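Student: I should like to learn how to read helix packing, sheet order and model confidence from a set of coordinates. May we work through one example together?

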Amino acid sequence: MKRTDDRLLPVLLICVQAVVWPGASLVRGDVPAPAALLVALLVAGPVTAALALRRARPVTTVVVVAAACALGAGPLPVGATAVLGTAGVALALFTVATERDAFTAVLCVVALAVWQLLQGISLHGLSDRDGLDLVLTALLYAAACGAGFLVRRTGRARRAAERLLKRAEAERHRLPAAERRRMERELHDVSAHHLTAVVVTAGAALGLRERRPELAAQALEFAVGTGREVTRALGAVRAPTPSREELPSPQERLLDLVAGFRRLDQRVDCEIDPLPDGSVADAAYGIVREALTNVARHAPGARTSVLCRYGDSRTEVVVTSAAPPAGATAHAAGLGGGRGTGFLRSRAREAGGTLTSGPTADGGWEVRAELPGRTAAEVRPTVSRGHRLAQLTAALGLVLQPLLPALVIRAEPTAAGASTGSQVSAGVLFALLAAAQAVALLWLRRAPRAAHAVLLGLPLLWPVAMAAGDYTGPVALPPALSMLATCAMLASTAAHRPTSALPLVAAAVHAAAATGAVLDRGTTQPLWAVAGAATAGAGLAAGAAWWVGVLRGRRERAARGTREERLAGWTEEAVRDAWAERRRIAAGLETTVLARTADMVAQAEAGRLDATAEHAREALAAMRALLDAVREGKGRTGPELRPQPTLQALDLLAHQLRATGREVEIRLTDRVPSRLPTAVDLAAYHAAETVLAAGGEGPAVLELDADDDTLTLTATGVPRAAGPAVQERLAARIEALGGMVTTGPQGTVGLRLPLAPPAPADVNTKERER
């Protein structure tokens, strides 16, 4: 909501309040006293100002609006602050629920409702309707707070989805570069350790041929062995095993970083969890490196601890240093540019987190960063216990301010004026039933069946409470209050299970409760008319709530589907770009390095030392030229020329999914052939990509196995892959090969592909039959 809307709503409330009072009084011909108008203006001014600034200070707004309306309720006539005291407070509580945490919002609702009850008792005395007034007030405030919770949860889910897409888009550009760096590093290692050694050994043997002829045989034997090792190593570079981690993990990089500072005589203790490679790991590495550098620069020798904890909702990175030891000299204290803290904050902010730094109690320094975790959820600052205690103290002080007990028992006088006993007010019974319904709603997600049973059984107790408390108010009000919780339950359930028969049961239960309440009060209408009216009203309310829930569920599923399509599209593009980089470099290896290495081995086996040395130098020169092309990015294929990935690209797929926060593991048994038929290889990869891209928050495992004639893919932890849309895509992927898709419990999907695909004639026959 924009700032203009923030100012418009308070003005609209003031206009409505002016229509209610003094507008209605002026229409009737009653002119309010000037003093009353002055008091109304003094109340409306702070309320309007506070509501206009409610997003910046929501809790303060609640206190100001409630206090101003309470102060004005005494000298002003009834209704003079009714709109501001109800809609204004509800709007303020809605803002608290959207802008602050759940504890603060619930505390405000409870404290404000109890305070308002006690304030009314202190002004007007104890009455029989205090319990019912408390129920109505609490329901209004709870509805405002619940709406705020819904808006906040929807907003947080939307922001989390946006962060996930942003992370996936960043990794889409990062994965091809990471694959290029991996191959560049391994190519450099091969050229530095193997080909260079052959060139040096052959050159030395040639130079000493006359004096030490035995070195030639040793050089030739070394060239043959090294050439075969180069061929094997380059084969691993071209086609790494999908389950193999080629690059150092983020945990290993952090441990190496700590070890480097220890070699500089820094006392560093560390506790580092495994992190998935990606933007969060890069930010954690940069923060730890900058923080340790600052310690070495300003407090050399100080005891330092590094903590990196990776969790579901957040990643904590804490670097704490003690005070520098006595006599330590900071030789590099003046070498910094003063921008380190800003760089730290920018790193954390770019990764979607927050960072704080400052001195510790013992004279040291601490850097604390909170980054997104596995689920890419929003990182919110933690609230200290002292702050919670201050909140509770303030709420308790507000509640005790009227200095009156909350009396809920009223005496029933006899005809002679003496009291014969006591009877619980109907309002108290209504409050207990409403509280039970609220608790059941809180457990709706964790225990849906039990919550449904409770919420469908409690409405039958409202007519009993009306009779037990001698309720004399409007007979339709208590059933309507009980219907609110049921409508909330129906709307929530319909978003996930739109085909349930729950609304029919709810309508029948509430119709029976309303009919019983009316008949107990007494009526001249026939039974069929009362039952028909109650059924129509309950059915209309239940149907409307269910329809709202269905629409909300459709909207959420459509948004999730769009998000998953974008995520799958970016994952697919990232893997194809990285696969294109791998194939581009592999093609260079095929035509240059591997061909010259094979010639070198052939010449060495033939005993030609001169030719062996020449081909070794040519292979080394070709490797260096290839490294230069890799660094410059020459020869990159365009998007329209990108090759289709095969199962050898599963390591890239798993890397991309892990970088976006998804726990994915690829397992290949030894029985999977290294070379598969092209059609089977392509179809298997596309099927694995479809299953893993179906979405989900939990960890997923993809296992590949094979027997004599069948390749089996088993995916666990992918519940959405069992849906009809994904099943249809999988069937289309493997139908031409004669494959089969099966689903199992707990999100398990299995695929079976024949290793010998059907002949083209068989495929054409199937197409004609279809």
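Tutor: Let us begin with the term contact, which means heavy atoms within 4.5 Å. The model before us is predicted. In it, Ala44, Val47 and Leu51 of helix H2 meet Leu84, Gly88, Leu91 and Ala92 of helix H4.

Student: What is the make-up by class of the contact of H2 with H4?

Tutor: The contact has 6 nonpolar residues and 1 polar residue, with no charged residues.

Student: At what angle do helix H2 and helix H4 pack, and how far apart are their axes?

Tutor: Helix H2 covers residues 34-52 and helix H4 covers residues 82-99; they pack at an angle of about 20°, and their axes are 11 Å apart. Angles under 35 degrees count as roughly parallel. H2 and H4 are therefore roughly parallel to each other. As to handedness, H2 passes H4 in a left-handed crossing.

Student: How should one approach a sheet, and what is the strand order in the open sheet of 5 strands?

Tutor: Strands of a sheet pair through backbone hydrogen bonds, either parallel or antiparallel. Here the order is S8-S9-S10-S12-S11, and the pairing is mixed. Strand S8 (664-668) and strand S11 (740-744) are the edge strands, each pairing on one side only. From one strand to the next, the twist averages 15°.

Student: How many bridges join strand S9 to strand S10?

Tutor: Strand S9 (residues 700-706) and strand S10 (residues 710-716) run antiparallel and are joined by 6 bridges. Within this pairing, Val701 stands opposite Thr716 in S10.

Student: Which strands does helix H20 lie across, and which does helix H21 touch?

Tutor: Helix H20 (residues 678-692) lies across S8, S9, S10 and strand S12 (748-754), and runs at about 170° to S12. Helix H21 (residues 724-734) also packs on the sheet, where it touches S11 and S12. The direction of H21 makes about 150° with that of S11.

Student: Where is confidence lowest in the protein, and where is it highest?

Tutor: The mean pLDDT of the protein is 78, with 83% of its residues at 70 or more. Confidence is lowest in strand S6 (residues 409-413), at a mean of 42, and highest in strand S2 (residues 304-310), at 92. Over residues 403-422 the pLDDT is below 50, and this stretch has 25 contacts in the model beyond near neighbours in sequence. Residues 635-640 also have pLDDT below 50, with 7 contacts counted in that way.

How values were computed. Residues are numbered from 1 along each chain as its sequence is written. This is a predicted model: local features need pLDDT of at least 70, side-chain atom pairs count only at pLDDT 80 or more; totals for chains, interfaces and linings use all residues. Side-chain values use heavy atoms; hydrogens and water are left out. pLDDT is the predictor's confidence in each residue, from 0 to 100. Helices (H or I, at least four residues) and strands (E, at least two) are DSSP runs, numbered from the N terminus. Axes are lines fitted to C-alpha atoms, for helices over the stretch in contact, and angles run from 0 to 180 degrees between N-to-C directions. Angles under 35 degrees count as roughly parallel, over 145 as roughly antiparallel, 65 to 115 as roughly perpendicular and the rest as oblique. A crossing is left-handed if the near helix is turned anticlockwise from the far one by less than a right angle, and right-handed if clockwise. Ala, Val, Leu, Ile, Met, Phe, Trp, Tyr, Cys and Pro count as nonpolar, Asp, Glu, Lys and Arg as charged, and the others, Gly among them, as polar. Two strands pair if DSSP finds at least two bridges between them.
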